[in-house]
Amino acid sequence: SSNRHQELLEGLDPEQRAAACAPRGPVCVLAGAGTGKTRTITHRIAYLVRSGHVSAGQVLAVTFTARAAGELRTRLRALGVEGAQARTFHAAALRQLRYFWPRVVGDRPWDLIEGNKLRLVGQAANRLGLPTEVEVLRDLTSEIEWAKASLVSPDDYPAVAARLNRDIPESAGRIAELYRTYERIKNEAQLLDFDDLLLHTTAALEEHRSVAEEFRDRYRCFVVDEYQDVTPAQQRLLDAWLGGRDDLTVVGDANQTIYSFGGASPRPLLDFTRRFPEATVVRLERDYRSTPQVVELANRVIGAASGRPAGSRLRLIGQRPDGPPPRFAEYDDEIAEAKAVAGRIRELLDAGVPASEIAVLYRVNAQSEAYEQALSEAGIPYLVRGGERFFQRREVRQAMAALRTAASRNPEGDLVDLCRQALAGVGLTEQPPPGGAAKERWDALLALVELAEELASTTEGATLGRFVAELDQRAAAQHPPTVDGVTLASLHAAKGLEWDAVFLVGLAEGTVPIQHADGNDEAIEEERRLFYVGVTRAREHLSLTWALSRTPDGRRNRRRSRFLYGLIPEDHPAARVARSPKASKFAARCRICDRPLISTMEVKLGRCTKCPADVDEDLLARLKDWRMERARELNVPAFVVFTDATLVAIAEQRPTDSRSLVA
Ligand code: ATP
Ligand code: MG
């Protein structure tokens, strides 16, 4: 087997290999999208297992979305590793909590509320006489979630909220009161929310020695993918898992931090070597996922980001052969955009690209509707990745109940037939409904039938009871069946995944970046990273589209996203600037973000200094000419007008000190 584990390393480049076969202990891979971070950790796990350093059952790998955890499991299975755990933080915590519950609480297990949390927060708000409109409740709920993920208690909340200058819909004191009341109602009802899973599991490990000992005896090797999005609550759980040990591999890309609104931070990733000075640290630059055309675009997007933390300044180098140039297209309205995208998808399907290799990615889930409509009209199968939690879907829960009943009445007969019969009762018709939500429900039920077919074909005499047990197991492991079709997903849900063809849609101001980010520099940067995540999902075909109005009868009152600036080729019809700077400095507006321009220099540049842009040698040269001109006008030496450092700052779009300008 020594050959077999060496063989594993052949599919890696030297840097990836260094990380994969580093001795047990702290390992950190800091690298951009598509450079093989996930590949490196799956190979590392396989390598450690095959070389006998650790047994598969002692490995716990965690990541952040169910989809990404599924991807980890698929890749591990492909490498022949059976029995290593790969889960989301929450799923891992849930499993551990269930196991330790009798010992630490003793009661019957508490239920997860997840679905109707808003109602509980609503009850709490009602008791306190706070507003209960859904919109406000949603904001209040996410603020409570943020506090819990950030390990901020109700007592500490007002001080922390003030220190961080949180943008909140109520006074911090009232929110603290709401948070406290919500916790009380929830605990009285013996319910757990998602954040509780992490907090209770951490507490069980920290406060019960026998729990900690048993756990630490069981798990010895920890791996975290997408570490840039770790929250304080997750970090604390991870520390409780480690219990002072250091067998920890983390990989991440600070440029893909997209959950900081929820309390996540790339700091633990960037400070990893400070915590573990002896860590093996690897940086990867080669991008194996995307064509050089896509890589080039990704580099531009992230190159325009401002205020990036040290350690995140990476440039990707494409490794794949050339592909088609990214496509840009502007439409009158969103319906026209969706129709055009569906048409283009049809072309790709006809050209042989499988539906499962195509994704439409959008900023908010509400955008999926237009695409569901357009794709169903075009007869293209699709699946929506908004509701990741397959087994919590209403029709799936109904289906499971129906299957359970059928199984108890009859463990005889053909499995697939019995399954179809049971599911007919909950809406599985012969023919698929035309589209929309009904089609999606139908697809979910059909996926269950396909699983039954799979079980029947692999297991002699499989019974309905056996099938239900298999489904229970999948539900516990958050391992949904695959539904074949074009993926519709939010940018957040697409993290870590890849497709041959990616359509980034709705790239208009107000959507990307999202309206409420406007005016908040940090929020805008997070939106830009989200856009970067989107761009880097594509292997080959990348399409970027936007619409000038929402509805066909609407006014053309939308502008394309500021993030597109500098990406669209000069000769493209959409490349013309929407507004040119006016002569008067008071009337002039930034041609990227449309803010009024406030200095002569900004007017001259035609944009504000806050807007990042892909300005290079060319602009620098023009600025230098302008400097000479002004100097002649003012009859002063050129360096007095402004310094080269200032010119560079302008060209790189860093804020400049206006006092350094004589003009
Ligand atoms: P992300 O930041 O988006 O999560 P990542 O760094 O985790 O990206 P992977 O998903 O591991 O990147 O790899 C991207 C693609 O490149 C995958 O299809 C992977 O199989 C492929 N790949 C990675 N490394 C190599 C390699 N050395 N040789 C060939 N293909 C590779
Ligand atoms: Mg990855």
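Start with helix α9 and what it hides: its buried residues are I175, A176, E177, L178, Y179, T181, Y182 and K186. In this predicted model, the cover over those residues includes α6 (117-128), α7 (134-149), α8 (157-164) and β5 (191-192). How does the length of α9 compare with what its 17 residues should span at 1.5 Å a residue? Helix α9 runs over residues 172-188 and should span 24 Å, and its end C-alpha atoms are 24 Å apart, so the two agree. Just after α9 comes Q190, which has a positive phi near 55 degrees.

Helix α7, one of the elements covering α9, can be read in much the way just used. With 16 residues, α7 reaches 22 Å from first C-alpha to last, close to the 22 Å expected at 1.5 Å a residue. Its buried residues are L137, L140, E143, I144, W146, A147, K148 and A149. These pack against α6, α8, α9, α10 (194-207) and α12 (232-242). A general point helps when you look down either helix: an α-helix has 3.6 residues a turn, so residues three or four places apart point the same way.

Next, some backbone details. L151 follows α7 and lies in the loop between α7 and α8. E226 sits in another loop, the one between β6 (221-224) and α12. Both carry a positive phi without being glycine: near 60 degrees for L151 and near 55 degrees for E226. Are these two buried or partly exposed? L151 has 18 other C-beta atoms within 10 Å, so it is partly exposed. E226 has 25 C-beta neighbours inside 10 Å and therefore counts as buried. The chain also has a cis peptide bond, joining V512 and P513, with omega about 0 degrees. P513 is found in the loop between β15 (499-504) and α22 (521-535).

Here is how the protein chain is divided up.

| Domain | Residues |
|---|---|
| Domain 1 | 2-95 + 198-284 |
| Domain 2 | 111-189 |
| Domain 3 | 327-387 + 486-575 |
| Domain 4 | 390-476 |
| Domain 5 | 614-660 |

Domains 1 and 3 touch each other, with their C-alpha centres 32 Å apart. The contact takes 16 residues from domain 1 and 12 residues from domain 3. On the domain 1 side, helix α4 (residues 66-78) gives the most, with three residues. That side divides into four nonpolar, eight polar and four charged residues.

These two domains meet again around ligand 1. The shell draws at least three residues from each of domain 1 and domain 3. In total 19 residues surround ligand 1, and the closest are G36, K37, T38, R39 and Y288. Helix α3 (residues 37-50) supplies the largest share of the shell, three residues. By class, the shell has four nonpolar, nine polar and six charged residues.

Finally, a word on confidence. The mean pLDDT of the protein chain is 86, and 86% of its residues reach 70 or more. Two stretches score lower. Over residues 577-586 the pLDDT stays under 50, and the model has 15 contacts there beyond four places in sequence. Residues 658-663 are also below 50, with 12 contacts beyond near neighbours in sequence. The model as a whole scores ipTM 0.99 and pTM 0.79.

Terms used
Residues numbered from 1 in each chain as written. Chains lettered and ligands numbered in written order. Predicted model: local features only at pLDDT ≥ 70, side-chain atom pairs only at ≥ 80, totals over all residues. pLDDT = per-residue confidence, 0-100. Contact = placed C-beta atoms within 7 Å. Domains from an automatic or database assignment. Helix = DSSP H or I, 4+ residues; strand = E, 2+ residues; numbered from the N terminus. Nonpolar A, V, L, I, M, F, W, Y, C, P; charged D, E, K, R; others polar. Near = placed C-beta within 6 Å. Expected span 1.5 Å × (residues − 1). Buried ≥ 20, exposed ≤ 12 C-beta atoms within 10 Å, placed from the backbone.
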